[in-house]
Amino acid sequence: MIPFISKEKVRQALQYPQLIHALREAFQQKIITPKRHAHQLSEQANSSLLLMPAWNPSGHTGVKLVTVAPQNIDTPTVHAIFILFDSITGAPLTFMDGEEITQKRTAAASALASGFLSRKNSSHLLLVGNGSLAPHMALAHCHTRPIDKITIWGRSAEKSERCRQTLTSFADLPKGIKIEVTSDLAGSCMSADIITCATTSRQAVIKGEWIQAGTHLDLVGGFKPDMREVDDELMAKSVVFVDTFTGALAEAGDILQALQSGSLKKEAIVAELADLCSGRHTGRRSEQEVTVFKSVGTALEDLCAANLVWQSHQQEVNEKASA
């Protein structure tokens with residue numbers, strides 16, 4: 001039988017320091033990642049199906065199947081499953097929980113980018129959004145920068161408080177971090193060093209007038225051309241980086257809408273994550289720059305995370321066999 005690796009096992013296998021390091025290595029490798037398929041499932045519910053393949057010709061092949069239902073209230077917005085194959089034989093190796101992979105690799109990729117783009121002494125993180133991904137985003141950033149304060153903002157104070165409690169419960173959250181919920185988004189933007197946004201908004205949540213020199217913004221929520229989290233004014237004064245040019249220039253509403261309005265010039269999109277990881281671009285160039293990292297997700301990240309999970313699973317099987 002093909003083994004299924006549960007959400008709990010995936011969570012245990014994907015620790016942020018190791019995952020961030022593995023992603024940095026993976027973005028320097030030649031992994032094939034075709035453009036993902038996106039299909040609308042229900043116009044009424046605005047739900048979508050995403051299919052994301054990636055493969056290393058001499059290693060593994062992976063496909064993640066994702067459904068996104070933004071109107072969900074009592075169930076997660078995102079559901080996903082990941083299938084791992086051997087690229088040489090084509091044999092399926094395992095199924096694993098794709099939602100946990102998505103959350104972990106998304107957060108780790110943002111933390112990886114922050115290591116190049118945020119100021120090294122960044123200590124105040126503002127978390128905009130309070131869904132299931134949000135606490136993972138905050139935790140991952142804590143493994144890249146010396147965060148000592150996390151502020152959470154969301155449209156629902158109750159959900160923000162649940163997000164705070166979830167974040168506080170993480171065993172690998174560094175000690176001594178102050179975590180608070182706020183209703184003052186503008187004021188929090190003005191004092192934050194790093195702002196990470198994980199929403200499904202179709203209208204700008206963050207205004208450029210709130211953003212101070214030296215701030216780094218991490219945008220992961222919008223994955224369609226009609227979605228966005230920041231306004232044109234912010235994009236106009238930012239140096240922009242993306243996870244991949246292919247994905248961002250096809251799907252990222254924050255970028256596409258700003259390009260269309262003329263507030264963002266294409267030359268302001270200076271590098272993708274592979275350029276940062278390989279040293280082709282050094283990242284932040286001054287303490288005063290406003291930097292934006294826009295991520296829509298890439299199957300390379302999923303395959304990298306799945307490989308770590310598979311290695312952990314094999315190690316566990318071998319230890320049980322030799323016991």
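Here is a short chat about the fold of this predicted model.

Biologist: How many helices and strands are there in the protein?
Modeller: It's a mix of both kinds of element. The count comes to 11 helices and 14 strands.

Biologist: Why call the protein as compact as a globular protein of that length?
Modeller: For 323 residues, the globule rule gives 20 Å. The model comes out close to that, so it is as compact as a globular protein of that length, with a radius of gyration of 19 Å.

Biologist: And what share of the contacts in the protein links residues 24 or more positions apart?
Modeller: Take contacts with a separation of 6 or more as the pool. Residues 24 or more positions apart account for 71%.

Biologist: Which strands stand at the edges of the open sheet?
Modeller: The sheet has six strands with mixed pairing, in the order S1-S6-S5-S4-S3-S2. Two of them have a single partner strand each, so one side of each is left without a neighbour in the sheet. Those are S1 (4–5) and S2 (37–42).

Biologist: Which residue in S6 stands opposite Ile 5?
Modeller: S1 pairs with S6, residues 92–97, in the parallel sense over two bridges. Opposite Ile 5 in S6 you'll find Met 96.

Biologist: How far apart do the centres of the positive and negative side chains lie?
Modeller: There are 32 positive side chains and 34 negative ones. Compare the centres of the two sets and the gap is 1 Å.

Biologist: What percentage of the residues is buried?
Modeller: Buried here means under 20% relative accessible area. Out of 323 residues, the buried ones make up 54%.

Definitions and conventions. Residues are numbered from 1 along each chain as its sequence is written. This is a predicted model: local features need pLDDT of at least 70, side-chain atom pairs count only at pLDDT 80 or more; totals for chains, interfaces and linings use all residues. Side-chain values use heavy atoms; hydrogens and water are left out. Helices (H or I, at least four residues) and strands (E, at least two) are DSSP runs, numbered from the N terminus. The radius of gyration is taken over C-alpha atoms; the globule rule is 2.2 Å times the number of residues to the power 0.38. Buried means under 20% relative accessible area, exposed over 50%, partly exposed in between (1.4 Å probe, protein chains only). Contact means heavy atoms within 4.5 Å. Lys and Arg count as positive and Asp and Glu as negative; His and the chain ends are not counted. The place of a charge is taken as NZ of Lys, CZ of Arg, CG of Asp or CD of Glu. Two strands pair if DSSP finds at least two bridges between them.
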